[in-house]
Amino acid sequence: MMLKKSGTVAVVMGGPSSEAEISLSTGKGIAGALREKGYEVAEIRLNPRDFSEQLKASGAEAVFVAVHGLYGEDGRLQSALEMMGVPYTGSGVLSSALCMNKIATKRVFLGSGIPTPEADFYYDKDKDDPDLAEKVVKKYALPVVIKPASQGSSIGVTIAKTEAEVKKALQTAFSFDKEVLVERYIAGRETSVCMMREQDGSVTVWPVVLIKPRAEFYDFTSKYSVGGVVHVVPAPLPQETLQKLAGISVHAFDVLGCEGVARTDCMVAGDGSCYVLEMNTVPGMTPTSLVPDAARAAGIGYADLCEKILATAHL
């Protein structure tokens, strides 16, 4: 849709998620950029119970979704907006719910022929199994990656290198979620592919980003601390590898039904094999975020990027 600049766009941010502070940073950046472009902007700090009243009071004709994690990426906010008939940015209800849950995403990848690391899924009923850590160690060569199913920003994620660490990592993951993913560790280079579905239905892929965290992996601190990570864009990888990353990422984007802007996290193994780890449907737009860096490498400034995303708002 094309929102007239005389209309109001609400940038919805914050909320009850563990990623609320990051969301506020994303939302403030987007709001400032849209004002720079001449839009009337209402900033809404999400209170789920009062959201319909918050939105009505803003007078907004469209919503720019800037809520990470709970409510913003799991389909709940999208569902409310559809019931109220207010166009919004990003993926729809089903796509958001699928992408937020790493187990559901993994099942889609496995069923669609998208290369992704082998994994096992454990549930609340499994958490008190005294032999669970031993079972994991028997099946997977260490290290192994353990993560809660529905947290973003690498919250609760551990790369466990010993059986004792596996046991602790499982406890940590279960403290965040009733569903836990145990995934084979892929040694290699971390990359990110940022893309956007255009208004004509095509998908634009921006230059691939090579992620070089100063920590062991791209954890919460690396993602949001200035200097915590270096983004090398365009990634200095063979053209064949870049094409492979783009291809599997767009395939994932399509089979998950994504809209607007989304971002895959991918690994490139030493033998050149590429794997998709997950899909992010409300990727960060903070000063240290990947999407603005990738778009900038394609010649798109931050304010222009925000306007382009707004133009993809839909019901």
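**Two crossing helices and the core around them**

Start with helix α1 (residues 20-36) and helix α11 (residues 302-310), which pack at an angle of about 95° with their axes 8 Å apart. Because angles of 65 to 115 degrees count as roughly perpendicular, that is the word for α1 and α11. The axes are lines fitted to C-alpha atoms over the stretch in contact, and the helices are DSSP runs of H or I, at least four residues long. This is a predicted model, where local features need pLDDT of at least 70, side-chain atom pairs count only at pLDDT 80 or more, and totals for chains, interfaces and linings use all residues. Residues are numbered from 1 along each chain, and side-chain values use heavy atoms, without hydrogens or water.

Now look at where the two helices touch (heavy atoms within 4.5 Å). From α1 come T26, G29, I30, A33, L34 and E36, and they meet Y302, A303, C306, E307 and L310 of α11.

I30 is a good one to follow, since leaving aside residues up to four places away in sequence, I30 touches V11, F64, A66, M285, Y302 and C306. I30 also turns up in the largest nonpolar core, which has 30 residues; V11, I30, L34, F64, W206 and L305 touch the most other members. Such a core is a set of buried Ala, Val, Leu, Ile, Met, Phe, Trp, Tyr and Cys residues joined through side-chain atoms within 4.5 Å, buried being under 20% relative accessible area with a 1.4 Å probe, protein chains only. A second, separate core of 23 residues includes F109, L245, C274 and V276.

Note on methods:
Axes fitted to C-alpha atoms, helices over the stretch in contact; angles between N-to-C directions. Helix = DSSP H or I, 4+ residues; strand = E, 2+ residues; numbered from the N terminus. Parallel < 35°, antiparallel > 145°, perpendicular 65-115°, else oblique. Buried < 20%, exposed > 50% of the residue type's maximum accessible area, 1.4 Å probe, protein only.
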